[in-house]
Amino acid sequence: MLVRKLLLAFGAMATLAAPVAGTVAAAPAIPVEAFAAKPFFTDPQISPDGRMVAAATIHDEQSRLTLIDISTAQPAVRGVALPKDHKLLWVKWAGPSRVVLSLHIPVKRLHRVVHASRLFLYDLPSGQLRLLTRDLGFLVGDKVVHIDPAGAYLLVVIQETPQDLPSVWRVDLMTLEQRQIVKEHPDVYSWFADGKGIVRAGMGAYRSDWWLLYRSSADASFERIIKRKFPRKNEEPQVDAFLPIAGSDTGYAVANKLTGRYALYRYNFRTDELGDLVFGHPQVDIEGFRLDPRSGALTAITYTDERTRTAWLDHEMKMIQALVDRALPRSINRIVSLDHARNRMIVSNSSASNPGTYYVYDRAKGEMWELAKPYAALADRQLAAVEPVRYDARDGLSIPAYLTLPPGRDPKGLPLIVLPHGGPFLRDKWEYEPWVQFLANRGYAVLQPNFRGSTGYGKAFVDAADGQWGRKMQDDLDDGVRWLAQRGTVDPKRVCMMGASYGGYASLWAAARNGDSYRCAVSFAGISDVAAILKWDSSRFVARRYYRDWQERIRGENSFDLDDISPVKSAEKIRIPLLIAHGKNDGTVPLEQSAKMHRALDSRRIAHEYVVYDDEEHSLAKTENAVDFLKRVEAFLSRHNPPG
């Protein structure tokens with residue numbers, strides 16, 4: 001297979017070789033700006049006829065749609081400007097000449113500017129960008145359940161206001177005429193369509209009950225075929241998603257039957273029976289599935305064990321994947337988009353130490369050429385190798401994690417940064433993570449523990465975190481330090497913790513609970529008052545699969561006092577340096593969480609650094625702010641835990 005380069009007229013787009021990890025020489029310092037930069041090219045999608053690529057790009061900090069004609073020897077690039085302050089979330093082709101966009105747009109609600117998702121349509125022949133659905137009172141407006149492969153129409157779930165229930169609308173992509181095809185049903189929030197665009201099922205929930213509405217055809221009425229209680233711990237399996245098959249009462253369901261890990265099963269909608277296992281993994285949950293864009297047939301399952309993988313059920317695609325993997329070894333290769341003829345496809349090639357490259361693979365020519373490097377500033381840079389590891393917590397639970405060692409340094413007695421992920425019901429993966437590589441480049445070992453409660457490892461692993469905020473979940477982090485110290489990899493007297501959101505909470509709590517074990521802590525958008533945050537918005541802190549019992553999962557026993565695990569309530573115990581940062585417009589963890597911690601430390605005259613970014617939300621979206629934060633982190637760590 002020939003791999004060649006495709007030079008595009010993007011200016012900043014580089015096409016240099018991928019970073020190489022693991023060499024002997026120490027890595028030269030990479031500018032902070034390279035780690036703070038956002039990927040300028042994301043979510044590339046190839047058109048059904050294989051002639052065009054649509055992607056989300058960033059130019060001068062402004063989001064835009066970019067279209068690339070790859071049908072000629074000299075590809076033509078067209079940039080489509082988007083309204084200011086609109087962020088492009090995803091793109092999907094609707095036929096060969098129209099692109100559906102989801103845009104994150106500012107809207108005013110209750111005298112406050114918040115962000116909502118809305119659908120737009122870009123028509124290539126006319127060059128027009130049009131709003132697909134009228135302005136809504138509800139924030140989520142991009143729940144597409146079906147796009148016609150020919151591009152004539154799409155089906156979208158619309159919830160007009162928070163007081164309304166979702167209904168399904170058909171939008172004509174030529175005239176933009178909208179009509180409701182499935183009305184609201186009491187307490188039904190999720191709708192499922194088959195591959196022919198017929199809405200076949202709806203999932204409802206009220207308090208501890210859930211049920212499924214079903215119909216066999218577009219002309220039939222919906223019937224309630226299931227009514228069950230939501231599962232608790234070791235009770236009946238939980239169904240996560242349904243996939244109807246066109247023209248049949250059978251289909252598929254994602255459930256954690258038998259093993260407690262989510263897998264794909266055959267399912268009979270009429271009899272409510274989970275049938276044979278289609279695909280399951282012995283250690284981890286499946287994450288999703290892929291459908292053929294032409295027929296709607298199931299083609300693949302995605303999951304992450306130590307790294308993200310695609311299990312193709314389609315023999316032809318399995319052979320193509322094997323061919324790509326041979327051409328690009330020792331990395332994650334994902335076929336992210338393909339045309340209807342399966343002749344041209346876009347391949348994402350990346351690893352934890354390689355920010356990645358997008359390629360176009362042409363089967364007919366037997367060629368694969370470079371399309372874009374999303375992180376141009378890191379092209380040809382030496383990044384650190386990242387190793388999947390496991391260690392035992394003090395109660396014997398095996399904790400999966402990722403360990404990154406600074407290149408060129410003897411892996412003994414290293415300074416360590418513990419970097420717990422946010423969520424907390426999420427997980428870290430073997431993928432490029434800017435903070436990890438920045439810290440490793442500066443000479444630190446970095447440990448990313450997937451502590452108990454991290455999702456993807458099955459129900460039992462999540463259940464092990466019930467009532468364990470600030471307790472066993474925190475022990476898992478401390479035990480990772482102990483394990484590395486016992487191996488001699490790190491110096492236990494040179495350890496700091498850093499994290500964002502829940503990871504910020506864990507860092508603050510480490511300072512209050514285990515100040516003798518850590519030299520410093522860094523919190524971005526961290527939680528300081530657990531009781532207060534649980535009164536905020538529960539859905540922002542939990543994985544969808546474990547949403548129903550979020551409060552008791554966090555609180556544990558009803559008699560437990562959440563003040564006992566809240567850093568702000570233990571501020572007087574803090575003796576180590578803290579760096580606290582937060583976005584002023586954060587709608588996930590309110591600024592008051594960090595401001596309250598700042599005031600508590602100030603009142604006790606406990607030295608700390610505190611910074612508020614006026615124009616940020618729950619992340620550092622603006623490059624200048626990301627640069628400022630990493631420079632502050634570098635200076636802070638150099639003072640309090642120098643890399644040596």
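## An open mixed sheet, a helix across it, and a cavity

In this predicted model, eight strands with mixed pairing make up an open sheet, ordered 30-31-33-32-34-35-36-37. Strand 30 (386–392) and strand 37 (609–613) each have a single partner strand and stand at the edges, so one side of each has no neighbour in the sheet. On average, neighbouring strands are turned by 20° against each other, direction ignored.

Strand 30 runs antiparallel to strand 31 (residues 398–404), and seven bridges join the two. Within strand 31, Ile 399 stands opposite Tyr 391.

Helix 5 lies across several strands of this region, namely strand 30, strand 31, strand 32 (414–418), strand 33 (445–449) and strand 34 (490–500), and runs at about 105° to strand 30.

Helix 5 (residues 472–487) also meets helix 6 (residues 502–513): their axes come within 11 Å and cross at roughly 80°. The two helices are therefore roughly perpendicular to each other. The residues that make this contact are listed below.

| Helix | Residues in the contact |
|---|---|
| Helix 5 | Met 473, Gln 474, Asp 475, Leu 477, Asp 478 |
| Helix 6 | Tyr 502, Ala 506, Trp 509, Ala 510, Arg 513 |

By class, the residues of this contact comprise six nonpolar, one polar and three charged.

The whole structure contains five cavities of 30 Å³ or more. The second largest cavity holds about 50 Å³ of space. Its lining consists of Arg 290, Leu 291, Asp 292, Pro 293, Thr 299, Trp 312, Met 317, Leu 338 and Arg 342, of which five are nonpolar, one is polar and three are charged.

Technical notes:
Residues numbered from 1 in each chain as written. Predicted model: local features only at pLDDT ≥ 70, side-chain atom pairs only at ≥ 80, totals over all residues. Heavy atoms only, no water. 1 Å grid on protein atoms, 1.4 Å probe; cavity = no way out; pocket = protein on both sides within 12 Å on 5 of 7 lines; lining within 4 Å. Points joined across faces, edges and corners; volume = space filled by probe spheres on them. Nonpolar A, V, L, I, M, F, W, Y, C, P; charged D, E, K, R; others polar. Axes fitted to C-alpha atoms, helices over the stretch in contact; angles between N-to-C directions. Helix = DSSP H or I, 4+ residues; strand = E, 2+ residues; numbered from the N terminus. Parallel < 35°, antiparallel > 145°, perpendicular 65-115°, else oblique. Contact = heavy atoms within 4.5 Å. Pairing = 2+ DSSP bridges.
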